[in-house]
Structures are given as structure tokens and as C-alpha cells.
Amino acid sequence: LDHLVGLLLRALIAQVTGAKPLQVHVVIESVMIASLVLAAGVVLDQPIGLVLRGAGVVGAGCFVTGLILIGLTGAAGRLLARFRRPR
């Protein structure tokens with residue numbers, strides 16, 4: 001049931017924003033990880049400026065890395081498809 005709700009939520013967000021589902025997935029994961037860093041910093045009673053900066057850096061890094069991985073996966077798929085074609 002949770003998987004179905006997740007799929008429906010991603011589809012709804014993708015439809016509303018006009019973004020591709022994989023990009024929506026990367027954004028959701030980036031926000032979740034940044035929120036975890038923020039929550040951990042608050043629970044550990046760290047200075048709020050340091051926590052906000054750390055959460056921002058982690059979220060941005062996760063987002064950029066996710067987009068790079070999507071691009072590399074697509075490039076690898078196209079390269080493998082080219083090698084598999086009969087000559």
C-alpha cells in the first residue's frame with residue numbers, strides 16, 4: 001500500500017509541475033535527506049546557522065548527484081544500445 005501511495009504521489013507531483021518522474025523523485029529524496037540533517041542538528045542542539053548551512057549543502061549535493069546519475073545512466077543505456085545493434 002505504501003508503494004502505491006508513493007507512486008500516486010510522484011505521478012501527481014510530476015503532472016502538476018510538468019517535470020519528469022525521475023527528477024521529481026530526486027527532488028523528493030533531496031528534501032528528505034536535507035530534512036533529516038536538519039532534524040539531527042536540532043536534536044543534537046547545534047547552532048541553527050550551522051545546521052541550516054549543512055542541510056542546504058547536503059540537499060544540494062544529493063540533488064546534483066542524483067541528476068548526474070540519471071544522465072550517466074541514460075548515456076550508458078544509449079552506448080550499450082549502440083553496441084548491441086547488428087552491423
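Here is a walk through the fold, helix by helix and then residue by residue.

Keep in mind that this is a predicted model. Its mean pLDDT is 85, and 87% of the residues in the protein chain reach 70 or more. Confidence isn't spread evenly over the elements: helix H1, residues 2-17, has the lowest mean pLDDT at 72, while H3 has the highest at 91. So much for confidence; on to the architecture.

The protein chain has 3 helices and 0 strands, so reading from the N terminus you simply get α-α-α. Of the 87 residues, 14% count as buried. The accessible surface comes to about 6,900 Å², and 73% of that belongs to carbon and sulfur atoms. As for how the chain meets itself, take the contacts with a separation of 6 or more: 44% of them are between residues 24 or more positions apart.

Let's look at H3. This helix has 37 residues and reaches 53 Å from its first C-alpha to its last, close to the 54 Å expected at 1.5 Å a residue. Which residues of H3 are buried? They are Val51, Ala55, Gly59, Cys62 and Gly66. Two of those names, Gly59 and Cys62, come back in a moment as contacts of a serine in H2.

H3 also has a good deal to do with the outside. There is a nonpolar patch on the surface, formed by Leu22, Val27, Val31, Phe63, Val64, Leu67, Ile68, Leu69, Ile70 and Leu72, with about 840 Å² of accessible area together. The elements that give two or more residues to this patch are helix H2 (21-43) and helix H3 (48-84). H3 gives the most, with 7 residues. Ile68 is one of the patch members and is found in helix H3. Is Ile68 buried or partly exposed? At 49% relative accessibility it counts as partly exposed, because the exposed class begins only over 50%.

Now cross over to H2, where Ser30 has its place. Ser30 counts as buried because its relative accessibility is 6%, and the cut-off for that class is under 20%. What is Ser30 in contact with, leaving aside its neighbours within four places in sequence? The answer is Gly59, Cys62 and Phe63. Gly59 and Cys62 are among the buried residues of H3, whereas Phe63 belongs to the nonpolar patch on the surface.

Further along H2 lies Ser35. This serine counts as partly exposed, because its relative accessibility is 39%. Its C-alpha atom and that of Leu52 are separated by 9.7 Å, with the two residues 17 apart along the chain.

That leaves the loop between H2 and H3, which has a couple of residues worth clicking on. Asp45 is found in this loop, and its phi is near 60°, a positive value in a residue other than glycine. Asp45 counts as exposed because its relative accessibility is 68%. Gln46 is found in the loop between H2 and H3 too. With a relative accessible area of 41%, Gln46 is partly exposed. Leaving aside neighbours within four places in sequence, Gln46 is in contact with Gly41 and Val51. Val51 is one of the buried residues of H3.

To put the picture together: three helices and no strands, with Ser30 of H2 in contact with Gly59, Cys62 and Phe63, and a surface patch of nonpolar residues to which H3 gives the most.

Methods. Residues are numbered from 1 along each chain as its sequence is written. This is a predicted model: local features need pLDDT of at least 70, side-chain atom pairs count only at pLDDT 80 or more; totals for chains, interfaces and linings use all residues. Side-chain values use heavy atoms; hydrogens and water are left out. Helices (H or I, at least four residues) and strands (E, at least two) are DSSP runs, numbered from the N terminus. Buried means under 20% relative accessible area, exposed over 50%, partly exposed in between (1.4 Å probe, protein chains only). Contact means heavy atoms within 4.5 Å. Accessible areas come from the Shrake-Rupley method with a 1.4 Å probe; for residues, only the protein chains shown count as cover. Patches are made of residues with over 30% relative accessible area and no salt bridge: like charges are joined within 9 Å, nonpolar side chains (Val, Leu, Ile, Met, Phe, Trp, Tyr) within 5 Å. A salt bridge is a side-chain nitrogen of Lys or Arg within 4 Å of a carboxyl oxygen of Asp or Glu. The expected span of a helix is 1.5 Å times one less than its number of residues. pLDDT is the predictor's confidence in each residue, from 0 to 100.
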